[in-house]
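Dear colleague,

I am passing a structure on to you, and my notes on it follow below. Please have it open while you read.

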Amino acid sequence: MTRAVLSIGSNLGDRLAMLRSVVNGLGEAVCAVSPVYETAPWGGVDQGPFLNAVVIAEDPALDGRGWLRRAHELEQTADRVRAQRWGPRTLDVDIVTCRADGRELISCDADLTLPHPRAHQRAFVLVPWLAIEPDAVLTIAGRPRRVEELLAALDASERDGVRRTDLVLR
């Protein structure tokens, strides 16, 4: 069984509908869906706030590259345009980590880096993930680290910028 932790976000159009399109698009593969959070944009580009969530999904037919293809398909369905790095987007689907048969998949090539190289720096990934998997672990520089420890190491302003909403994805 292959299990992926996906970070999803949107700050253009009907943001909630964009996030729901991921949950609906993954269908029966979805194991858990976090609450929805509103967050300030990350990366220094002037733009509106994001809605963010984390989805955990399982599919025995997908490997890391399969999850990447699936993420891109979901983004394309939402008319995602990659015009500016860290810029506004209808939908962003990032693979945070992927496990096959209980083993974390590691990939360091130009198309797919697993685990996600900056997930540990982003409270908008860590907060929703912890909401659905309190014992989550992420490998950083070859070393497994508890996600709650990674979150605690972030600046308080980064953590405080992730605000839970009353919105739901399912």
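**What was found**

The protein chain exposes about 8500 Å², and carbon and sulfur atoms supply 49% of that area. Please keep in mind while reading that this is a predicted model.

As for the overall build, the secondary structure of the protein chain comes to 5 helices and 11 strands. The radius of gyration is 15 Å, close to the 15 Å that the globule rule gives for 170 residues, so the protein chain is as compact as a globular protein of that length. Along its principal axes, the C-alpha trace spans about 40 × 35 × 30 Å.

Turning to the interior, 51% of the 170 residues of the protein chain count as buried. If one takes the contacts in the protein chain with a separation of 6 or more, 68% of them are accounted for by residues 24 or more positions apart.

On the charges, the protein chain has 21 positive and 24 negative ones, and the mean positions of these two groups lie 2 Å apart.

One residue may serve as a place to start looking, namely Gly 44, which is found in the loop between strand E3 (37-39) and strand E4 (50-58). Is Gly 44 buried or exposed? Its relative accessibility is 80%, and because exposed means over 50%, Gly 44 counts as exposed. Glu 149 is 105 residues away from Gly 44 along the chain, and the C-alpha atoms of these two residues are separated by 25 Å.

With kind regards

Methods. Residues are numbered from 1 along each chain as its sequence is written. This is a predicted model: local features need pLDDT of at least 70, side-chain atom pairs count only at pLDDT 80 or more; totals for chains, interfaces and linings use all residues. Side-chain values use heavy atoms; hydrogens and water are left out. Helices (H or I, at least four residues) and strands (E, at least two) are DSSP runs, numbered from the N terminus. The radius of gyration is taken over C-alpha atoms; the globule rule is 2.2 Å times the number of residues to the power 0.38. Buried means under 20% relative accessible area, exposed over 50%, partly exposed in between (1.4 Å probe, protein chains only). Contact means heavy atoms within 4.5 Å. Accessible areas come from the Shrake-Rupley method with a 1.4 Å probe; for residues, only the protein chains shown count as cover. Lys and Arg count as positive and Asp and Glu as negative; His and the chain ends are not counted. The place of a charge is taken as NZ of Lys, CZ of Arg, CG of Asp or CD of Glu.
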